[in-house]
Amino acid sequence: MSLTETSIKTSETPLGRDDLARLVAKDIAPGSFVNLGIGQPTLVSNYLTDEQNITLHTENGMLGMGPAAEGDEIDGDLINAGKIPVTELPGASYFHHADSFAIMRGGHLDICVLGAFQVSATGDLANWHTGAPGAIPAVGGAMDLATGAKDVFVMMTLLTREGASKIVESCTYPLTGVGCVTRVYTDKAVFLTGPDGVTVRETFGCTLEELQELVPVPLKAASGVGSAA
C-alpha cells in the first residue's frame, strides 16, 4: 500500500479523549482481565459493555472494578490506583497489595492500558520520569504491568505541547519496559509496534502521508484495511 493512500483514514477529525477511550474499550476482547493505568486510561472503564464481560484489576488491590463513581455512588474508601472514586461490580473482590502485584507479575492480566511520555519504534515504553524537577522519583507498578501483562496498550496524545512526536526511534527518557508495547492509541492514529517497526492501523483527521511528516520513524499502512470514512 502506498504511503499516500488514504484508505486507513477513519475520521475527518482527531479523536477526543472520550472517543479514544471508547475505541480502546471496543478493541478489548471479551472475557479479558485488564488493568487501566492512571490518567487517560481510566476513561476506558466508562465504555466497557456488560456483553464483553471484562474484569478490571486495580493495582491497589481489587478485581471487578466498575466505572467511575458519581454523586451518591462515591465512597471515599473505594478508589482506584489513581485515587479516583470507582464503583464495584457484582462478584468484586479485595486483596492485599502484595497479592495484587502477584497478579501483575505472574502473567495473569491479558491487557494493561497505560499512558506514556514516549514509545519507541520497537515498543519500548517510557512513562514514569522526564527529569523534570518535582517529578515522581520512582517507576512504581508501571514496570510490573509493562512486563507482566500479555498485551500493553498505550493511550496518549501523539504530540507534546511543543509539537514533538511521542513516538520516537528510541526513547530518551528512562524506560519502564523494553519491547513491551503492542499498540498505541493516539488522537491522530492507532499504531501497532513491534520488532518490525511501526504499522498504522487507522488515522483520524489526517492521511498517512501527513502523519509521516509528524512522526520521525518510518510508517507503513496495515494491510487489508478498508475505508470507514
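**Reading pockets, cores and loops in a predicted model**

Reader: Let's start with the empty space. How much of it lies in the largest pocket?

Author: Rolling a probe the size of a water molecule over the atoms shows where empty space is left. Here the largest pocket holds about 970 Å³ of space. A pocket is an open set of points on a 1 Å grid over the protein atoms alone, where a 1.4 Å probe fits and protein lies on both sides within 12 Å along at least five of seven lines. Its volume is the space filled by probe spheres set on those points, which are joined across faces, edges and corners. Bear in mind that this is a predicted model, where local features need pLDDT of at least 70, side-chain atom pairs count only at pLDDT 80 or more, and totals for chains, interfaces and linings use all residues. Numbering runs from 1 along each chain as its sequence is written, and side-chain values use heavy atoms, with hydrogens and water left out.

Reader: Which residues are closest to the centre of that pocket, and which elements give two or more residues to its lining?

Author: A lining residue has an atom within 4 Å of a pocket point. There are 42 of them here, with I38, G115, F117, N127 and W128 closest to the centre. Strand 2 (33-36), strand 3 (55-58) and helix 3 (142-148) each give two or more residues. Those elements are DSSP runs numbered from the N terminus: H or I over at least four residues for helices, E over at least two for strands. By class, the lining has 20 nonpolar, 18 polar and four charged residues. In that tally Ala, Val, Leu, Ile, Met, Phe, Trp, Tyr, Cys and Pro are nonpolar, Asp, Glu, Lys and Arg are charged, and the others, Gly among them, are polar.

Reader: And what lines the second largest pocket?

Author: This one has a volume of about 250 Å³ and 16 lining residues, with T49, D50, I54, M65 and L89 nearest its centre. At least two lining residues come from each of strand 3, strand 4 (62-68) and strand 5 (86-94). The classes split into eight nonpolar, seven polar and one charged.

Reader: How many residues are in the largest nonpolar core?

Author: A nonpolar core is a set of buried Ala, Val, Leu, Ile, Met, Phe, Trp, Tyr and Cys residues joined through side-chain atoms within 4.5 Å. Buried means under 20% relative accessible area, exposed over 50%, and partly exposed in between (1.4 Å probe, protein chains only). The largest core has 34 residues, and L125, F191, L211 and L219 have the most contacts inside it. Helix 2 (residues 97-105) gives the most to this core, three residues. Apart from it sits another core of 25 residues, including A25, I28, I54 and M65.

Reader: Which residues of helix 1 are buried?

Author: An α-helix has 3.6 residues a turn, so residues three or four places apart point the same way. In helix 1 (residues 17-27), the buried ones are L20, A21, L23, V24 and A25. They pack against strand 6 (111-114), strand 9 (151-155), strand 11 (181-185), strand 12 (189-194) and strand 13 (197-204).

Reader: What does G148 touch beyond its sequence neighbours?

Author: Contact means heavy atoms within 4.5 Å. G148, in helix 3, contacts M104, G107 and L109, leaving aside neighbours within four places in sequence. G148 is buried because its relative accessible area is 9%.

Reader: Where is C171 found?

Author: C171 is in the loop between strand 10 (167-168) and strand 11, and is buried at 18%. C171 and V119 are 52 residues apart in sequence but 6.6 Å apart in space, C-alpha to C-alpha. Beyond four places in sequence, C171 touches Q118, V119, S120, D124 and A126.

Reader: What about phi of N53 and K83?

Author: Phi is positive in both, and neither is a glycine: near 55° for N53 and near 65° for K83. N53 lies in the loop between strand 2 and strand 3, and K83 in the loop between strand 4 and strand 5. N53 is exposed because its relative accessibility is 56%; K83 is exposed too, at 69%.

Reader: Where does pLDDT stay under 50?

Author: pLDDT is the predictor's confidence in each residue, from 0 to 100. The chain's mean is 91, and 93% of its residues reach 70 or more. Values fall below 50 over residues 1-6 and stay under 50 over residues 224-229. Where pLDDT is low, the predicted coordinates should not be read in detail.
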